[in-house]
Amino acid sequence: MSDGYRQVGSFESDPPAAIGLGRDVIAFGLGDRVTLVSGRERTAIDHGGPILDLAVADRLLVLSTETLTAYSLDGDQVWSHDAGDAYAVAGAESRECCGVLGADALRFVEVASGRERFAVDRTRPGTTDDAFLATPTGFVIATWSFLTAVDGDGEIAFDRDLSAVVRSVGVCDGTVVAALQSDRLVGLDGGSGEDRWRTELDARQVAPVGEGSVLVSAADGVLDVAADGATETVPDLPTGDVYASGDGAVVCSVRDGTIATYVPDRDRFDVAVLTDSVGVGGTVDVEVSNPTEQERTVDLSLDVDGCSLSPAERTVTIDGEDSAVADFPVASVRREGRADVNVAADGDEAGRGTVEVEDAASGGLAVETALHAARIDDGVAEIEVRVENVGGVPLDAVRLLEAGTEATDIAPGDAWEGTVTRPYEPETRVSVGLEVTRGDRRREYAPTCTLPSRPTIDAAVERDVLRATVVVADGVPVEDRLVVEMPGAGRVRSPVTIDADELLLLVPQYESGVARIALDALDAEKRVRVPGNGTFTPPSSTGGRDRDRSRSSRETGGTGRSQNSTESGESATPDRSTASTDDPSETSLSPAHDSVWSGSDEMAEGRSRSGDAADNRNRSNERTSDRNRQSSSTTNRAERESSRDSEETRAEDRMDSSVRGPTEGRSESGTEGEPFLSATRRAPERASGVGHAIRDRIVVENVGEPVGSVEIAFDDGDRLSLGRIDHGAAASVDRFVAAGEAGELTLPSAAVEVSGKVVSEVDARQLSVSDDAIGVLATVDPDDGALTAVIENGTDWQCRVTGLDPGPDGSRAPLSTAVDVGASGTVSATVGERPAPGDAVPVSFWIESDGEERRIDVLAAADGDAAGASAGGEPALTPGISSDTQVAGEYSSVVLVFENDGDEPLTDVSVVADGDPIDSMFYSPARRERVDPGDRIEHYVDLESGYTEPGFEATVSYAIDGTEQEYVARAAGPAVDDVSAWTDDLLAAWSIDRIDAANSSPEFPSRLSTPPRSEN
């Protein structure tokens, strides 16, 4: 029960758009800012946009339209992710997941990372008027008259109809307190939902959280309502909406454009000065008493006239109904005699006293202490301690209490230094215990310092690279694992040391999506959307001649790195640090002088040459694009923890093959007057998924005399003329290849011919195909351009197809098809041009998964037979109308029955109804993992009133022995306005008929390939 309150502050504001409650803080969404109120203190965080809802967990969670953002309580943005159509968020401290609520689903999102862990469907559709709050074991949702509790695993704890609209809801001590529109206040058991008590009360609003009780705003004032239903008036709080922090230490009243802050009277601490006299090296001891029953933490500060204290501030944690003593060492004395002592608790004056101050006698202890953060290594702060003897006599010993280390015989003017470590917590005050001894005099000191703030990361897209800057605070060096995640290139972790003010990174972009730059142990990250360069996007050098490539390669030992790389236009300032990697295979994210960018050297070469400038720029972009794809392969290998040494060996073998001379039977050096051709394949080492297109490039270089009539012939029958290749020039041949099944993808061998004679060869290559990715099996009907794609989700996260470019020409048609883990979904579209049968058609999809969106470029098979293949026969899941159907009055339902009348079980069964008469507020699709022979599904379709002959369609999909089937049925029948007019004849008039046959998934070739091309 309440012990009374006193006001400690107030401020004017517009009505808050959202309110979030933490254990000791209350957050208000005011315009595009969040204001945190804690006692007398207020902190404003600029969010930069309208706020839908707030929650205070271990971080401040701000929900905006389609975006959920997490901040530290100091205002630093930690992460920001897509929130879809969510309109409410709830969370609590020390809970791993917060709840993100939409009309149809409740998503569980990790507070630390923002990643969605899982989602559950709601028992009924909700609205933006829903009440949503966190409980100690899960969440409570109030929709209309229904109150639903969900535990931390997403299971329904209870689902109650309270028979009246729920105005407001709160929770305390295992009891859910609900204010009903019927002027009743109800207490329900938080686990079972059973009534604990009910009372007649015109309650307007319930404070969302409380400890043993909750505050309730009623028509005649504010009440304190206990978990057992006992009530007590709170005269100190004005009428209006009232909110309390989780520990009850802060209460805010919102009324008439004013937010007033109150604290309980019981929050006052009792203090007493225990020390009668003190000198240099001594301490002033203060006793602090906690009159409450709960453990509390208080910040004490002490001021003694004529004395300097080190430190003058202490933080003390006191058990309930207990006391603690804080000591404040005297560093120096300016004036002897009786001195006033002032004690402040949490910034408010808490008590006074006096102490007799004595000057330091000859031979006394006189030291100066200092503490500062020296470096931060893998989330651990290394702190340097310094003790200087500023007196006139030597010190016998200085001892670091926690480590037990000791130094002896510290002469006047000398100093002792040591180190301690602390877990790194940004902007946290830390202290160290020291003991100084001379003869029989011993004094303890506790110097303090504040750890630096968390490094900040800024990132922006500049042309074809992502430019990121990591800035450390206060010049304190940082060692950590630098995490770089680029769409299409996976994730790379590299050890990095930032020993100056900042670190500059320049990372090539490849695919569109969300890039992430982070420091692993420090929980600092930045996400930025990059447009990317897709697989089908032509490189800057589109395969034409490059007259300087072979010469540049020979000059630099075949690495492709320019000798002028130090002249990069992206050079860093002297204060910028560099990253280093343990794995040479991760060169795409290794530093180039003061930057991290695999393409900076080639770009520098392009700028350093005055002749053929355009060719050089094309070449650098082409190499950057190639290495991007190699980066993706390297990252995947690293994630599978393959041997670093074996990877280096394979990398060296590939490099050797790319610079060796003609094949067997020809001289490496060539003979004057003869052509000297070499062929090199540039392709990734693995396919990132079934259907994913990869670029298979073969580069033919001539380091001998000019030669005409050059052709390249592939082992699968494709052939292409390259024409004339001059001395020092090169020609590139590109084609796109995709796997139609998991396992391996074969890139066929190829031969370079001059006048019909083979002069160089490229061996076939086997690429592994990832089976834990999102696979795409797409077909195009050559007759009408109809595109059908089956999306197979082999990842650990639900994915959603959000867009499609059937060109691909840079356009994007919006889609929204969700595919669960281990399941598949189908999307359809139309391509603009009509392909010939057997062609491979480039298509791009945008897929959102795990909070990030990326583009996947695929090849679709042009095959009319495959696209339209029918499984034949009748569908095994036969539709019908249930006798429970009643289409009458305001609330109408058609009950569809689907029975498995076949001999095989059906899996992945779903029924989705669509049509204007359907009441979307209450309707939700049906899904079953399995329907055995003879079993059936009853599917309720709620209809709106006002239709005399309502009708709608239902799409039914399922799988038999792994073969997907789908058909569409149409249901229609009569409706009446009065429930009493509903008859059996009207029921019999309702029917459901199939309007197309079940189709199986199309057959798909094991390998797709576009024709080779070269722009020579």
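**Salt bridges, cores and cavities in the predicted model**

A network of salt bridges links R167, D183, D202 and R204. The structure described here is a predicted model, and its salt bridges number 36 in total. Within the network, D183 is joined to R167, and the closest N and O atoms of this pair lie 3.6 Å apart. The two residues belong to distant parts of the chain: D183 is placed in the loop between β19 (175-180) and β20 (184-189), whereas R167 is placed in strand β18 (residues 166-172), and 16 residues separate them. D183 has a relative accessible area of 31% and is therefore partly exposed, since this class lies between the limits of 20% and 50%. R167 is likewise partly exposed, with a relative accessibility of 34%.

A further salt bridge is formed by R386 and E417, whose closest N and O atoms are 3.0 Å apart. R386 is part of strand β40 (residues 380-389) and E417 is part of strand β43 (residues 415-423), so this pair ties together parts that are 31 residues apart in sequence. The partners fall into separate accessibility classes. R386 is partly exposed at a relative accessible area of 34%, while E417, at 52% relative accessibility, counts as exposed because its value is over 50%. The side chains of R719 and E711 also meet in a salt bridge, with an N to O distance of 3.2 Å. In this pair, R719 is partly exposed with a relative accessible area of 45%, and E711 is partly exposed with a relative accessible area of 27%.

The search for disulfides covered the whole structure and found 0. Two cysteines may nevertheless be described by their accessibility. C172 has a relative accessible area of 1% and is therefore buried, as this value is under 20%. C799 also counts as buried, at 1% relative accessibility.

The nonpolar interior was examined next. In soluble globular proteins, nonpolar side chains tend to be buried together. In the present model, the largest nonpolar core comprises 46 residues, and the residues with the most contacts inside this core are V385, W416, L466, L482 and L505. Separate from it is a second core of 31 residues, which includes A888, F952, A975 and W982.

Enclosed spaces were also identified. Across the whole structure, 5 cavities of 30 Å³ or more were found, and the largest of them has a volume of about 100 Å³. The lining of the largest cavity consists of L106, V120, D121, R122, T123, R124, I141, T143, T148, V150 and I156. Strands β13 (116-121), β15 (138-143) and β16 (146-151) are the elements that contribute two or more residues to this lining. By residue type, the lining of the largest cavity divides into 5 nonpolar, 3 polar and 3 charged residues.

Several residues stand out in their backbone geometry. Most residues other than glycine have a negative phi, and most peptide bonds are trans. The peptide bond from S310 to P311, however, is cis, with omega near 0°. P311 is situated in the loop between β34 (307-309) and β35 (313-318). Positive phi values occur at residues including S163 and E321. For S163, which is not a glycine, phi is near 70°. This serine lies in the loop between β17 (156-161) and β18, and S163 counts as exposed at 68% relative accessibility. For E321, also a residue other than glycine, phi is positive at about 55°. E321 is located in the loop between β35 and β36 (323-333), where its relative accessibility of 56% places E321 in the exposed class.

A final point concerns E349, which is found in strand β38 (residues 348-357). With a relative accessibility of 56%, E349 counts as exposed. The C-alpha atoms of E349 and S301 are separated by 9.3 Å, although the two residues are 48 residues apart along the chain.

Notes. Residues numbered from 1 in each chain as written. Predicted model: local features only at pLDDT ≥ 70, side-chain atom pairs only at ≥ 80, totals over all residues. Heavy atoms only, no water. Salt bridge = Lys/Arg side-chain N within 4 Å of Asp/Glu carboxyl O. Helix = DSSP H or I, 4+ residues; strand = E, 2+ residues; numbered from the N terminus. Buried < 20%, exposed > 50% of the residue type's maximum accessible area, 1.4 Å probe, protein only. Disulfide = S-S within 2.5 Å. 1 Å grid on protein atoms, 1.4 Å probe; cavity = no way out; pocket = protein on both sides within 12 Å on 5 of 7 lines; lining within 4 Å. Points joined across faces, edges and corners; volume = space filled by probe spheres on them. Nonpolar A, V, L, I, M, F, W, Y, C, P; charged D, E, K, R; others polar. Core = buried A, V, L, I, M, F, W, Y, C linked by side-chain atoms within 4.5 Å.
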